[in-house]
Amino acid sequence: MRVTLLYFAAARERAGIPRETVELRDGATAADARDAACAAHPGLRAIAERLRLAVDQEFAPAERPLRDGSEVAFIPPVSGGSGRHRISDGPLSIDAPLQAVAGTDCGAVVTFVGTVRAQNRGREVVRLDYEAYAEMALRVFARIEEEARSRWPGTRVAIHHRVGTLEPGAISVVIAAASPHRADAFSACRQAIEELKKDAPIWKREHYRDGSQWVGLGS
């Protein structure tokens, strides 16, 4: 069967290509796809165990069976539009997510704004390159909002994230959480950024005056 392999960030650099189609045996699993990728691109072997696997835009265990036409993505550790959520290659508006969630049924709106730091781990950062598996990231954003609604009834969340090249001081992410109660709005906003950093397939490469590296992988 034919399976499409997608490589992102450090995985793409090591494979040397962003995507390819391979032939796998019937009944192959995500692990078989990973093995095929490493065989074709030996540079991937050094980080293979640190890559998360996604099948058809959902995180999947290595034993997940594949079908003819499956899409398998290799997701490096994250540094980490659908509905209220957006991924944009242009400047972000702080007001847009707020307006997406505000309403007379909510007594509080909490906004988180993430910006690019000029210093990180003792090194001067001259710019960041953000890259995303956009379709899957938007699914993660929607799941984060669904979890917030389940935990804090009446809560709405909007997540807008930037991709591309950003200089120090630029806004990289804006999250707005609205809820009938202020404590719930604060909690939902905090959970959203923590879950985004953990699960959204968005990566950043930090550039310094003397080099660069993918944050979270150090490659």
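# Sheets, rings and a helix: a working chat

Me: Start with the hairpin. What is the bridge partner of His-207 in β14?
Reply: In β14, His-207 has Ser-212 as its bridge partner. Strands here are DSSP E runs of at least two residues, and helices are H or I runs of at least four, numbered from the N terminus.

Me: What kind of model is this, and how are residues numbered?
Reply: This is a predicted model: local features need pLDDT of at least 70, side-chain atom pairs count only at pLDDT 80 or more, and totals for chains, interfaces and linings use all residues. Residues are numbered from 1 along each chain as its sequence is written, and side-chain values use heavy atoms, with hydrogens and water left out.

Me: Back to β13 and β14. How many bridges, and in which sense do they pair?
Reply: Strand β13 (residues 202-208) pairs with strand β14 (residues 211-214) in the antiparallel sense, over four bridges. Two strands pair if DSSP finds at least two bridges between them. β13 and β14 form a hairpin, with two residues between them.

Me: What is the strand order in the open sheet of five strands?
Reply: The order is β2-β1-β5-β3-β4, with mixed pairing. β2 (19-23) and β4 stand at the edges with a single partner strand each, so one side of each has no neighbour in the sheet. Neighbouring strands of this sheet are turned by 35 degrees against each other on average, direction ignored. The axes behind that angle are lines fitted to C-alpha atoms (for helices, over the stretch in contact), and angles run from 0 to 180 degrees between N-to-C directions.

Me: And β3 with β5, parallel or antiparallel?
Reply: Antiparallel, over four bridges, with β5 covering residues 71-75. Ala-54 has Ala-73 in β5 as its bridge partner.

Me: New topic. How many aromatic pairs does the structure hold?
Reply: Three. Tyr-7 and Phe-74 form a stacked one, 5.3 Å centre to centre with 10 degrees between the planes. Rings of Phe, Tyr and Trp (its six-membered ring) pair if their centres lie within 6.5 Å; planes under 30 degrees apart are stacked, over 60 edge-to-face, the rest tilted.

Me: Where do Tyr-7 and Phe-74 sit?
Reply: Tyr-7 is in strand β1 (residues 2-7) and Phe-74 is in strand β5, 67 residues apart. Tyr-7 counts as buried because its relative accessibility is 1%. Phe-74 is buried too, at 2%. Buried means under 20% relative accessible area, exposed over 50%, partly exposed in between (1.4 Å probe, protein chains only).

Me: Which residues form the aromatic cluster?
Reply: Phe-8, Tyr-133 and Trp-203. Phe-8 counts as buried at 12% relative accessibility, and Trp-203 at 2%.

Me: Which ring does the charged end of Arg-52 sit over?
Reply: The ring of Phe-59, 3.8 Å from its centre. Arg-123 lies over the face of Tyr-208, at 3.9 Å from the ring centre. The cut-offs are NZ of Lys or CZ of Arg within 6 Å of the ring centre and within 35 degrees of the ring normal.

Me: Now α5. Which strands and helix do its buried residues pack against?
Reply: β3 (52-55), β4 (58-60), β7 (108-115), α4 (134-151), β10 (156-162) and β12 (171-179). Contact means heavy atoms within 4.5 Å. The buried residues of α5 include Ala-188, Cys-189 and Leu-196.

Me: Last one: Ser-172, buried or exposed?
Reply: Buried, at 5% relative accessibility. Ser-172 lies in strand β12. Leaving aside neighbours within four places in sequence, its contacts include Leu-92, Tyr-130 and His-160.
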